[in-house]
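The following exercises are to be worked through with the structure in view. Each task is followed by a solution in steps.

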Amino acid sequence: MLETPELLWQDLVRESVREVRYGLRPEERGVIELVDFVLGRAVAMHASDVHLEPQEMRVRLRFRIDGLLREVMAMPANLGPAVISRLKVMAGMDIAVHQQPQDGHILFQAKGRRIDIRVSSLPATAGEVIVMRLMDVSEQLLSLDELGFSEEDTACFRALIHRPAGMIVLCGPMNSGKTSSLYAALAELNTESRNLVTLEDPIERVLPGVNQVQIHPKAGMTFVAGLRAVLRQDVTGILLGEIRDEETAAMAVRIALTGHLLMTTIHTEDAVAALYRMLEMGVAPYLLAATLSGIISQ
């Protein structure tokens, strides 16, 4: 008789509790299998994010599925440090640092699928909160026609990205699919005759034929520094991961003004708010009128 996921989870929790109780290392079999099971269940349930949240009496485990957070499992509070240490080891993070936020990266294999996992830790009162963003790198990119837009909106989007120059801004709340839409646009534009460059933090998906640049602020590679360098690279189109500040906004407008196609995102709820956000960042109205091709709200 095959064990259900719930029974298997209970067995793994019991084994991990035994390891912790008798002082065995977090790298022992039980904790390793427990973490692998959590990640495997997240993949099987098509979760986009995994939240591991230590609380006073337990560790809450929640998955974001179809945009909504759902509590799927819980484990004893004394398992929290061991599980978090295992995840930090997998992500290349410092397990001795507990009072500072950290970021890491895991490449996880699940039933023949390669899952790219971005890991973030945040110190809280009951322990470190771990949030993981899952991305299936083996999954085929969506095309413009598969994004779920109406035929009229798809035609409008396609017309915007095929303009030789100008700035296209995608806006919307978190997890609304802005990056998926930009990647679909890049995939359509990705031909031998075009030189496409992306500036991302982090790089979400690897796109063959596109020159993708990872932003490293500590190394001096900021969005603005990247945009300045791109101007000397004979580019056709630029994907700017996000407009975060006044300097980046000004540089993006300048690039669009010099005859380049620039696609980017901004965190606002609707298209009108995106327009006002750009003005609040100090972009002159006449420059915005001259460069802004369109705003797409998702």
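A residue is called buried when its relative accessible area is under 20%, exposed when it is over 50%, and partly exposed in between, with a 1.4 Å probe and protein chains only. The model is predicted: local features need pLDDT of at least 70, side-chain atom pairs count only at pLDDT 80 or more, and totals for chains, interfaces and linings use all residues. Residues are numbered from 1 along each chain as its sequence is written, and side-chain values use heavy atoms, with hydrogens and water left out.

**Exercise 1. Is Asp 234 buried or exposed, and in which loop is it found?**

Step 1. Helices (H or I, at least four residues) and strands (E, at least two) are DSSP runs, numbered from the N terminus. Asp 234 belongs to the loop between α6 and β10.

Step 2. Asp 234 has a relative accessible area of 65%, and therefore it is exposed.

Step 3. Most residues other than glycine have a negative phi. The phi of Asp 234, however, is positive, near 55°.

Step 4. His 46 offers a second case, with a positive phi of about 60° although it is not a glycine. His 46 lies in the loop between α2 (29–44) and β1 (49–54). The relative accessible area of His 46 is 60%, so this residue is exposed.

**Exercise 2. Describe the open sheet of six strands and the helices that pack on it.**

Step 1. Two strands pair if DSSP finds at least two bridges between them. In this sheet the pairing is parallel, and the order is β9-β8-β10-β11-β7-β12.

Step 2. β9 (211–214) and β12 (292–297) are the edge strands, as each pairs on one side only. From one strand to the next, the twist averages 15°.

Step 3. Take one pair in detail: strands β10 (residues 237–240) and β11 (residues 261–266) run parallel and are joined by four bridges. Leu 239 has Met 263 in β11 as its bridge partner.

Step 4. Contact means heavy atoms within 4.5 Å. Axes are lines fitted to C-alpha atoms, for helices over the stretch in contact, and angles run from 0 to 180 degrees between N-to-C directions. Helix α4 (residues 151–161) packs on the sheet, where it touches β7 (166–171), β11 and β12, and its direction makes about 145° with that of β12. Helix α6 (residues 223–230) also packs on the sheet; it touches β8 (196–200), β10 and β11, and makes about 165° with the direction of β8.

**Exercise 3. Why does Leu 199 count as buried, and what is it in contact with?**

Step 1. Leu 199 is placed in strand β8. Its relative accessibility is 1%, and so it counts as buried.

Step 2. Neighbours within four places in sequence are left aside; the contacts of Leu 199 then include Val 213, Ile 215, Phe 223, Leu 227 and Leu 239.

Step 3. Compare a loop residue: Thr 268 lies between β11 and α8 (271–280). Thr 268 counts as buried because its relative accessibility is 4%. Among the residues that Thr 268 touches are Cys 171, Pro 173 and Arg 277.

**Exercise 4. What span is expected for helix α7 (residues 246–257), and which of its residues are buried?**

Step 1. The expected span of a helix is 1.5 Å times one less than its number of residues. The 12 residues of α7 should therefore span 16 Å, which agrees with the 17 Å between the end C-alpha atoms.

Step 2. The buried residues of α7 are Thr 248, Ala 249, Met 251, Ala 252, Val 253, Ile 255 and Ala 256.

Step 3. These buried residues pack against β7, α6, β10, β11, α8 and α9 (285–291).

Step 4. Helix α5 (residues 178–189) may be treated likewise: it has 12 residues and reaches 17 Å from its first C-alpha to its last, close to the expected 16 Å. Its buried residues include Leu 182, Tyr 183 and Leu 186. The elements covering the buried residues of α5 include α4, β7 and β8.
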